[in-house]
Amino acid sequence: MILFQILFEIADDRRAEFEKAYRDVFQPALRKQTGFVTSKLLRLYSPATIREIEGLSSEFNYEFNFVFETEDARRQWAKSADHDIAWPAVPDLAKKVGWRGYDVVASSG
């Protein structure tokens, strides 16, 4: 399995719109893809909470995590018509976007 992580910096006044785009556009499109396993949208703790728990700060405040059976399945998703519909719904809401991929070496259910 692979996990693909997309990081976003979203302004406070765009958060609701961003979360809605994930739920209403991005997530349904992902579910159609062969090899798709699961996805999560994560919102980073507030800066105050991060300082309180002595966590790592980040310029990003949201992250999408997608799990696919294989990297090939993820790449097929990136070439799909559903991706072409879903992807434009989110980056225009962001100040900054970045991503990285991982091989999942261990997991628990």
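In this predicted model, the buried residues of helix α3 pack against four elements: β1, α1 (15-31), β3 (62-68) and α4 (81-86). The residues concerned are Ala73, Arg74 and Trp77. Because they cover an arc of only 100° around the axis, they sit on the same side of α3. The general background is familiar: an α-helix has 3.6 residues a turn, so residues three or four places apart point the same way.

Helix α3 also takes part in the largest pocket, whose volume comes to about 160 Å³. Phe4, Ile6, Phe26, Phe66, Arg74, Trp77, Ala78, His83, Trp87 and Trp99 form its lining. Two elements, β1 (2-10) and α3 (71-78), each supply two or more of these residues. Of the elements, α3 gives the most, with 3 residues. Sorted by class, the lining comprises 8 nonpolar residues, 1 polar residue and 1 charged residue. Arg74 and Trp77 thus appear twice in this account, being buried residues of α3 as well as members of the pocket lining.

Attention can now turn to the nonpolar interior. In soluble globular proteins, nonpolar side chains tend to be buried together. Here the largest nonpolar core has 22 residues, and those with the most contacts inside it are Phe8, Phe18, Phe26, Phe64, Phe66 and Phe68. Elements β1, α1, β3 and α3 each give two or more residues to this core, with α1 giving the most, at 6 residues. Phe26 and Phe66, listed among these core residues, line the largest pocket too.

Phe18 offers a helpful view of how this core is put together. Once its neighbours within four places in sequence are set aside, Phe18 is in contact with Phe8, Ile10, Leu41, Tyr62, Phe64, Val90 and Leu93. Phe8 and Phe64, two of these partners, are themselves among the residues with the most contacts inside the core.

A polar side chain in helix α1 is worth a look as well. Gln27 belongs to α1 and has a relative accessible area of 17%, so it counts as buried, the limit being under 20%. Apart from neighbours within four places in sequence, Gln27 is in contact with Tyr22 and Ser39.

The loops supply several exposed residues. Tyr45 lies in the loop between β2 (36-43) and α2, where its relative accessible area of 54% makes it exposed. Leaving out neighbours within four places in sequence, Tyr45 contacts Ile50 and Ile53. Between Tyr45 and Ala81, which are 36 residues apart in sequence, the C-alpha to C-alpha distance is 34 Å.

Glu69, in the loop between β3 and α3, is likewise exposed, at 51% relative accessibility. Its C-alpha atom is separated by 6.4 Å from that of Phe36, a residue 33 places away along the chain. Beyond residues up to four places away in sequence, Glu69 touches Met1, Ile2, Gly35 and Val37.

Finally, Glu54 deserves a mention for its backbone. This residue has a positive phi of about 60° although it is not a glycine. Glu54 is placed in the loop between α2 (47-52) and β3, and with a relative accessible area of 74% it is exposed.

Note on methods
Residues numbered from 1 in each chain as written. Predicted model: local features only at pLDDT ≥ 70, side-chain atom pairs only at ≥ 80, totals over all residues. Heavy atoms only, no water. 1 Å grid on protein atoms, 1.4 Å probe; cavity = no way out; pocket = protein on both sides within 12 Å on 5 of 7 lines; lining within 4 Å. Points joined across faces, edges and corners; volume = space filled by probe spheres on them. Nonpolar A, V, L, I, M, F, W, Y, C, P; charged D, E, K, R; others polar. Buried < 20%, exposed > 50% of the residue type's maximum accessible area, 1.4 Å probe, protein only. Arc of directions from axis to C-beta. Contact = heavy atoms within 4.5 Å. Core = buried A, V, L, I, M, F, W, Y, C linked by side-chain atoms within 4.5 Å.
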